[in-house]
Amino acid sequence: SNLLYHFSERQLWLEKEFANGKTSTKMFPSAFCSANKGLGGSCQLLKVTKNPDGYAINDKYKILHNKPFEVGKTLIYTISEALQLPGDFVSSLNPFYHCSKSLTLLRQINLLDFPINKKGYTVLLPCFDAWDFHDLNFDYLERNNTAIELMMKNLILEGLMYTDSKSFQTKTTNLLQEEVLLSFEAENCGDEISLNLSTVDGSIQLEKNLDVLFKQGVIHPLLHSYFPRELNITLMDLIETTGTMAFIDFLNEFEDTSLILRNNEQYSLLVPAKNTLSMEGIDMNFTRLHDGLRLHVIPGYATNGLRECGNEQINTTSGESLICRESSPGNYVLKLKNGND
């Protein structure tokens with residue numbers, strides 16, 4: 001099998017294939033095809049990248065010269081070391097892509113290996129900083145295997161889709177065995193390609209040429225996390241994930257604050273840690289509980305002030321305003337505009 005992977009079924013004149021002179025990547029079928037059950041008999045590809053230093057195969061094996069030797073109708077390129085077929089799912093991922101959080105979720109539901117099918121797989125995998133804006137969502141998923149299955153199996157599709165493809169539409173199936181309408185938009189997209197799935201809200205952005213080949217298909221590392229429509233993580237779910245159950249009881253004590261939970265409205269909540277409430281002696285008998293709660297509820301339009309943490313005034317539902325400042329690199333303090341930290 002490894003020997004077959006050293007052959008292409010057609011002549012590849014690399015200088016012609018990459019005649020535009022720019023850094024770019026193209027996929028070419030190898031001769032490892034009919035015996036390849038992991039890809040349903042499809043040929044395993046060779047990912048060839050042109051960069052300022054020359055050419056490389058699968059981001060690892062360097063082609064040592066730009067012009068091939070010709071022997072009859074065969075072209076021969078020498079390479080830096082023997083090619084190895086793409087391996088299993090985990091070992092194929094570059095550790096610099098920082099996919100460990102998503103791998104943790106897949107490991108939790110025993111999904112680091114996929115059943116052999118007749119089509120291969122396309123895996124959409126949140127990597128890099130994809131979970132940075134969803135830390136609490138990630139914590140919720142870790143505690144809920146059903147939610148993990150909904151999230152991750154929606155992002156694993158039957159069939160092979162590479163970013164050097166032209167635009168197309170097709171029907172496929174995800175790992176939940178649901179039919180998915182897939183729309184792939186490649187034209188005039190620069191380094192990002194739009195992928196739309198009927199099971200996911202919004203467009204999924206793929207990084208062009210970041211395809212990672214593995215023995216059962218292709219992985220697309222994502223810069224962002226995309227949640228399927230079927231997965232409904234509520235405000236209540238997220239507060240419960242913080243472990244501060246008393247805060248939910250407090251909110252439900254008053255009509256206006258309980259509506260925020262019931263209607264899942266556009267607010268940001270400042271949720272005190274459980275030990276903070278007990279240390280401060282805050283319970284149902286706290287005389288200014290309602291006012292205190294409203295101070296912890298930020299209208300949606302004022303959320304940007306929290307995220308940016310600058311000089312912008314942050315309104316609360318109590319009528320009091322907050323100011324955020326960075327007390328030291330990476331550490332932030334909220335204070336009442338007219339009060340103490």
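Before you start clicking, one cut-off: a residue is called buried when its relative accessible area is under 20%, exposed when that is over 50%, and partly exposed in between. Keep in mind as well that this is a predicted model.

**Stop 1: the cysteine pairs**

Start by showing the cysteine side chains. How many disulfides does a search of the whole structure find? The search turns up three. Number the bonded cysteines in sequence order and the pairing reads 1-2, 3-4, 5-6.

Select Cys33 and Cys43 to begin. Their sulfurs sit 1.9 Å apart and form a disulfide. Cys33 and Cys43 both belong to the loop between β1 (24–29) and β2 (45–51), so this disulfide ties together parts that are ten residues apart in sequence. Look along the S-S bond: the torsion there is about 105°, so the disulfide is right-handed.

Are these two cysteines buried or partly exposed? Cys33 has a relative accessible area of 13% and is therefore buried. Cys43 comes out at 26%, so Cys43 counts as partly exposed.

Next, pick Cys99 and Cys127, joined by a disulfide with 2.0 Å from S to S. This pair links distant parts of the chain, 28 residues apart. You'll find Cys99 in the loop between β6 (74–76) and α2 (100–108), and Cys127 in the loop between β7 (121–126) and α3 (135–142). The S-S torsion is 105°, a right-handed link. Both cysteines are buried.

For the last pair, go to Cys309 and Cys324, where the S to S distance is 1.9 Å. Which hand does this one have? With -85° about the S-S bond, the link is left-handed. Cys309 is in the loop between α10 (303–308) and β17 (314–315), while Cys324 is part of strand β18 (residues 321–328), so the disulfide ties together parts 15 residues apart in sequence. Cys309 and Cys324 are both buried.

**Stop 2: two helices and their buried faces**

Now colour α2 and look for its buried residues: Ser102, Leu103, Leu105 and Leu106. Turn the view until you are looking down the axis of α2. Those buried residues fall within an arc of 155°, so they line one face of the helix. A helix can do this because an α-helix has 3.6 residues a turn, so residues three or four places apart point the same way.

What covers the buried residues of α2? Switch on β7, α3, α4 and β8 (156–158), which are included in that cover. Before leaving, step to Asn110, just after α2, where phi is positive at about 55°.

Move over to α3 and select Asn137, Phe138, Tyr140 and Leu141, the buried residues of this helix. Down the axis of α3, they fall within an arc of 160°, so they too line one face of their helix. Their cover includes α2, α4 (145–153) and α5 (235–242).

**Stop 3: a pocket**

Hide the helices and bring up the second largest pocket, with a volume of about 520 Å³. Of the 19 residues lining this pocket, His6, Phe7, Ser8, Leu75 and Tyr77 are the closest to its centre.

Which strand gives the most to the lining? That is β6, with three residues. Both β2 and β6 supply at least two residues each. Colour the lining by type and you should get twelve nonpolar residues, four polar and three charged.

**Stop 4: two single residues**

Zoom in on Thr173, in strand β9 (residues 168–173). Its relative accessible area is 18%, so Thr173 is buried. Leaving aside residues up to four places away in sequence, Thr173 touches Ile156, Leu157, Glu158 and Glu178.

Finish at Leu210, in the loop between β12 (204–207) and β13 (212–214). What does Leu210 touch, not counting residues up to four places away in sequence? Show Lys47, Tyr97, Phe128, Thr163, Ile219 and Pro221 to see these contacts. Then draw a line from the C-alpha of Leu210 to that of Asp59: the two residues are 151 apart in sequence and 9.7 Å apart in space.

Definitions and conventions. Residues are numbered from 1 along each chain as its sequence is written. This is a predicted model: local features need pLDDT of at least 70, side-chain atom pairs count only at pLDDT 80 or more; totals for chains, interfaces and linings use all residues. Side-chain values use heavy atoms; hydrogens and water are left out. A disulfide is a pair of cysteine sulfur atoms within 2.5 Å. Helices (H or I, at least four residues) and strands (E, at least two) are DSSP runs, numbered from the N terminus. Buried means under 20% relative accessible area, exposed over 50%, partly exposed in between (1.4 Å probe, protein chains only). On a 1 Å grid over the protein atoms alone, a cavity is a set of points where a 1.4 Å probe fits but cannot get out, and a pocket is an open set with protein on both sides within 12 Å along at least five of seven lines; lining residues have an atom within 4 Å of a point. Grid points are joined across faces, edges and corners, and a volume is the space filled by probe spheres set on the points. Ala, Val, Leu, Ile, Met, Phe, Trp, Tyr, Cys and Pro count as nonpolar, Asp, Glu, Lys and Arg as charged, and the others, Gly among them, as polar. The arc is that of the directions from the helix axis to the C-beta atoms. Contact means heavy atoms within 4.5 Å.
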